[in-house]
Amino acid sequence: MHGIQRPWLLLLLLAVFLGAQGRNQEERLLADLMHSYDPHLRPAEHDSDVVNVSLKLTLTNLISLNEREEALTTNVWIEMQWCDYRLRWDPQDYEGVWVLRVPSTMVWLPDIVLENNVDGVFEVALYCNLLVSPDGCIYWLPPAIFRSSCSVSVTYFPFDWQNCSLVFQSQTYSTSEINLQLSQEDGQTIEWIFIDPEAFTENGEWAIQHRPAKMLLDADAPAEEAGHQKVVFYLLIQRKPLFYVINIIAPCVLISFVAILIYFLPAKAGGQKCTVATNVLLAQTVFLFLVAKKVPETSLAVPLISKYLTFLMVVTILIVVNAVVVLNVSLRSPHTHSMARGVRKVFLQLLPQLLRMHVRPLAPAAVQDIRPQLQNGFSSGWSMPTGEEGGLCLPRSELLFRQRRRNGLVRAVLEKLEKGPEPGQSQFCGSLRQAAPAIQACVDACNLMARAQYQQNHFDSGNEEWFLVGRVLDRVCFLAMFSLFICGTAGIFLMAHYNRVPALPFPGDPRPYLPSPN
């Protein structure tokens, strides 16, 4: 029995030996390193040792900046490097294994998180494997999508620029336990956010102007507490305003220019002017609501575009007021208002000359052309008043014929009265004496008609004077509103023109925080 069992025992020992030789060297190395490894202990050989942790941030996409929530969304890769003395080995003992890939959950991590996040996600998106070298130094490059807080200044919106930052710190370790620092390559400290041109996706609304990085020590926090040291990555971004210029600013300017054009309507068309101006005012209110939905609800500053829309609304309201005033002046009459001599001189003589307005000279007031009456109530050579000819709806030749006929009849009657009665005409003269009151009544009626025509001409002349005053006032308001519109538009947008990102990221610091050209 013992002779039979001995070969089987030899075969079993041979199989175990061959299996041990066939096992992967990385697997054996990992098993040896993790034999007594505790991932919860800081990798310090002595209590006074400080673990150096270097950081480097690679930006692959600036996703968005939500102005209302004041949140910056970025897609980044966080490069971390530190050394762990417990993970050292001799490559010759493991057939030349120089790099070991270890799951990140199996080793100690420096517990570095994004401090200024806004969604409660402090950690990275994927706990990928880390690379360990024979000297125990670890290289870890996890990806992350961060939503960090960014205080948005809306003073010059949409011609603004923002200064956002990503603040990283250790959640549990103090300065005496780990030392945060920026990574170094070729003896140069990486004091900027690294951007790979081939992997970076440009944002359509924001352009990155500066991307410095700094190591900061918080003087308010004690050195024994976590959070005393921080690594801050800054993003100074400039907004691309083309979208807002095409979709908001240009329509507002054109619509407001339409409100200016209502001054080319007649002065008496006040109702049409008010209708157009009111429609423009409603359109501007709609654009103001659209802007209010975009910017954050803050009382610290008023956006530049909101100032401009408010300015346009004020101009439109002034145009409505001007239209009402001009309409009130144009519809005045001599029955309700008497024009002062100063108003007539300024608005009918001085201002039309200064404004180069072509004003037709006013027709002279109707003059009563009634000859002095003769004795006994008769008129010698009575003629039709001058203003009466323009008021009658008859051809001028017919009016002249009737006037001459009437003048000749009256003249013949007067000559017969002066010569006295002729033989056989006593009956005619008696009839004429009897008809004298009727002729006097006819003359009085003609005088009444002349006076009425004179009053009508005077009334029409007064109406025309008030209408001309309304025209002049309309032209003065047009020039004033047009000048206000041009100066206000130019002034507001010149303010935006001078709001530029500084040439250097930090005032007083001459360093550009960019890789050297060499």
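**Exercise 1. Find the residues with the most contacts inside the largest nonpolar core, then follow Phe168 outward.**

Step 1. The largest nonpolar core holds 91 residues. A nonpolar core here is a set of buried Ala, Val, Leu, Ile, Met, Phe, Trp, Tyr and Cys residues joined through side-chain atoms within 4.5 Å. Buried means under 20% relative accessible area, with exposed over 50% and partly exposed in between (1.4 Å probe, protein chains only).

Step 2. Ile78, Trp82 and Phe168 have the most contacts inside that core.

Step 3. Take Phe168 and skip its neighbours within four places in sequence: its contacts (heavy atoms within 4.5 Å) include Leu55, Leu57, Ile78, Ile112, Phe146, Leu180 and Phe233.

Step 4. Apart from the 91-residue core lies another core, of seven residues, among them Val167, Val232, Val501 and Phe506.

Before going on, some ground rules: this is a predicted model, where local features need pLDDT of at least 70, side-chain atom pairs count only at pLDDT 80 or more, and totals for chains, interfaces and linings use all residues. Residues are numbered from 1 along each chain as its sequence is written, and side-chain values use heavy atoms, with hydrogens and water left out.

**Exercise 2. Work out how Ser165 and Leu235 sit relative to each other.**

Step 1. Place them: Ser165 is in strand β8 (residues 161-170), and Leu235 is in strand β15 (residues 229-239). Helices (H or I, at least four residues) and strands (E, at least two) are DSSP runs, numbered from the N terminus.

Step 2. Check burial. Ser165 counts as buried because its relative accessibility is 18%; Leu235 is buried too, at 2%.

Step 3. Compare sequence with space: the two are 70 residues apart in sequence, yet 5.8 Å apart C-alpha to C-alpha.

Step 4. List partners, ignoring residues up to four places away. Ser165 touches Asn116, Ser148, Ser149, Val232, Phe233 and Tyr234. For Leu235, the contacts include Gln162, Asn163, Cys164 and Leu166, along with Leu59 and Ile208.

**Exercise 3. Describe how α4 packs against α3 and α5.**

Step 1. Pick the descriptors: two packed helices are described by the angle between their axes and the distance between the axes. Axes are lines fitted to C-alpha atoms, for helices over the stretch in contact, and angles run from 0 to 180 degrees between N-to-C directions.

Step 2. α3 (residues 242-260) and α4 (residues 270-294) pack at about 160 degrees, axes 9 Å apart. So α3 and α4 are roughly antiparallel (angles over 145 degrees; under 35 is roughly parallel, 65 to 115 roughly perpendicular, the rest oblique).

Step 3. Their crossing is left-handed, which is the case if the near helix is turned anticlockwise from the far one by less than a right angle; clockwise is right-handed. Residues that meet include Tyr244, Ile248 and Ile255 in α3, and Val276, Val280 and Phe287 in α4.

Step 4. Now α5 (residues 304-330): the axes of α4 and α5 come within 9 Å and cross at roughly 165 degrees. That makes α4 roughly antiparallel to α5, and this crossing is left-handed as well. Here α4 brings residues including Cys274, Val280 and Leu288, while α5 brings Leu309, Met313 and Val320, among others.

**Exercise 4. Decide how much of the model to trust, judging by pLDDT.**

Step 1. The mean pLDDT (the predictor's confidence in each residue, from 0 to 100) is 78, and 75% of residues reach 70 or more.

Step 2. Residues 1-5 are below 50 and have zero contacts beyond near neighbours in sequence.

Step 3. Residues 363-401 also stay under 50, but there the model has 56 contacts beyond four places in sequence.
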